[in-house]
Every structure is written in C-alpha cells, then in structure tokens.
Amino acid sequence: MLRQGLLQGASAVTDEIEVTVDTELAITLRQVWSCQGRPVLHWELTGVTTDVDPDAFTFRPPPGARIIHGGLLAETGLSPGEIAWHAATAAPKLAIEIARRWIGSR
C-alpha cells in the first residue's frame, strides 16, 4: 500500500530528503521531504512481503511463437558490420530529408 502526504504528485521545494531503503529487496520503503526542518511531503510502503511465487515473473512464450536470438536486429540476417554500414550511410540522407522537410514547412 502506498501512503502519501498532502502534495501527492506535486513538486515540492525541499532542502532535505530522508530515505529508508530495504537493501535486501532493493526498494525505497519511506521518504520524508523537509524544508527548513518542516515535513513537506512523505510517502511510505507498508505491508511489504517477500512471499511471492518466483514463477509469477517467468515469461513463457505461447506455443508456436517466433523466438529470435542474438539481439535487436538479429532477424535481418546482417552482420553487425553490415548493420553499422547501413546506419552510417543512411544517417546523412536522413538528416538531409529532415532539413528539406523542415525548410519546406516554413
């Protein structure tokens, strides 16, 4: 459960932020923002539990799903060098086209 103070979602002027972190879970449990010693904003997590089924975070693709190994552009069939060459030769053309369209819209 998340509990917040009066300024939910608002920016607050502060000169001090007190933070409590659970290092085992790597999460922030509590924050208190203060200005000149007076609390301006605070929030905290309560009822935190570690009783979570690890399988809840396991991704299992559906049967028949296409799975690509080897990175973002692996399905192109190009080597990393070929991909770099295409990107390097396309960049100036793209910059010229963007400039042409920008000038034409003025």
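How many Å² does the chain expose, and what share of that do carbon and sulfur atoms supply? The chain exposes about 9200 Å², with 59% of it from carbon and sulfur atoms. The points below concern a predicted model.

1. Overall make-up. The chain has one helix and four strands. Read from the N terminus, the order of elements is β-β-β-β-α. Of its 106 residues, 7% count as buried. Among contacts with a separation of 6 or more, 25% are between residues 24 or more positions apart.

2. Pairing of E2 and E3. Strand E2 covers residues 16-22, and strand E3 covers 27-35. The two run antiparallel and are joined by seven bridges. One residue pair can be named here: Ile17 has Trp33 of E3 as its bridge partner.

3. Nonpolar patch. Ile17, Val19 and Val21 together make a nonpolar surface patch of about 240 Å². Val19 lies in strand E2. In a regular strand, side chains alternate between the two faces of the sheet. Val19 counts as partly exposed because its relative accessibility is 41%, which falls between the 20% and 50% cut-offs. Ile17 thus appears in two places in this note: in the patch and in the bridge to Trp33.

4. The turn between E2 and E3. The hairpin of these strands has four residues between them. Ala26 sits in this loop and has a positive phi of about 60 degrees, although it is not a glycine. Most residues other than glycine have a negative phi. Ala26 has a relative accessibility of 62%, and therefore counts as exposed, the cut-off being over 50%.

5. The loop between E3 and E4. Strand E4 covers residues 38-45, and Gln36 is found in the loop that precedes it, after E3. Gln36 also has a positive phi, near 55 degrees, and is a residue other than glycine. At 68% relative accessibility, Gln36 counts as exposed. Gly37 is placed in the loop between E3 and E4 as well. With a relative accessible area of 63%, Gly37 is exposed.

6. Gly37 and Asp15. Which distance separates the C-alpha atoms of Gly37 and Asp15? The separation is 8.5 Å, for two residues that are 22 residues apart along the chain.

7. Places to check in the viewer. For backbone angles, look at Ala26, with its phi of about 60 degrees, and at Gln36, with phi near 55 degrees. For the surface, look at the patch made by Ile17, Val19 and Val21.

Conventions: Residues numbered from 1 in each chain as written. Predicted model: local features only at pLDDT ≥ 70, side-chain atom pairs only at ≥ 80, totals over all residues. Heavy atoms only, no water. Patch = residues over 30% accessible without salt bridge, like charges linked within 9 Å, V, L, I, M, F, W, Y side chains within 5 Å. Areas by Shrake-Rupley, 256 points an atom, 1.4 Å probe, with all protein chains shown as cover. Salt bridge = Lys/Arg side-chain N within 4 Å of Asp/Glu carboxyl O. Buried < 20%, exposed > 50% of the residue type's maximum accessible area, 1.4 Å probe, protein only. Pairing = 2+ DSSP bridges. Contact = heavy atoms within 4.5 Å.
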